[in-house]
Amino acid sequence: MKQTTRFRHESLQDSDSVKTLLNSLVDGIAKGKIALEDEDGTMVIKPKGLSNLKITASQDEKKSRISIRLTWYEDTEPVREKEIKILSK
């Protein structure tokens, strides 16, 4: 399989399959390594440190959606707070 820097997969899954996949993500986060693979390629990512978690949901008459986004940075250096000054005259 081709190792890529981007991975995207979309398919229809039943509730049990979705649960299994989400549990695998949880296990991967806990272990610090998530391997993604389908017929188009593979990707291994290593979540660590602080992560930004964003959950959004929407619902209308025909469709409901939940999006989960988890973002972290590979840089282990702490983010330095920079002082900002705003002057008005």
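Select Arg8 to begin: Arg8 is exposed, with a relative accessible area of 70%, where exposed means over 50%, buried under 20% and partly exposed in between, for a 1.4 Å probe and protein chains only. The model on screen is predicted, so local features need pLDDT of at least 70, side-chain atom pairs count only at pLDDT 80 or more, and totals for chains, interfaces and linings use all residues. Residues are numbered from 1 along each chain as its sequence is written, and side-chain values use heavy atoms, with hydrogens and water left out.

Next, add Glu10 to the selection. Its side chain meets that of Arg8 in a salt bridge of 3.6 Å, N to O; the term denotes a side-chain nitrogen of Lys or Arg within 4 Å of a carboxyl oxygen of Asp or Glu. A search of the whole structure finds one salt bridge. Glu10 is exposed as well, at 66% relative accessible area.

Now select Asp38, which lies in strand 1. Helices (H or I, at least four residues) and strands (E, at least two) are DSSP runs, numbered from the N terminus. Is Asp38 buried or exposed? With a relative accessibility of 9%, Asp38 counts as buried. Its C-alpha atom is separated by 9.1 Å from that of Arg8, although the two residues are 30 apart along the chain.

From Asp38, move to His9. The side chains of Asp38 and His9 make a polar contact of 3.0 Å. A polar contact is a pair of N or O atoms within 3.5 Å; within protein, one must be able to donate a hydrogen and the other to accept it, and residues adjacent in sequence count only if both atoms are side-chain atoms.

Ser11 is the following stop, in the segment before helix 1. Ser11 is partly exposed, at 39% relative accessible area. The Ser11 side chain makes polar contacts with the side chains of His9, at 2.9 Å, and of Gln13, at 2.7 Å.

Finally, display the largest pocket. On a 1 Å grid over the protein atoms alone, a pocket is an open set of points where a 1.4 Å probe fits, with protein on both sides within 12 Å along at least five of seven lines; lining residues have an atom within 4 Å of a point. The largest pocket is lined by 35 residues, and His9, Leu22, Leu25, Leu36 and Ile68 lie nearest its centre. Among the elements that each supply at least two lining residues are helix 1 (15–31) and strand 1 (34–38).
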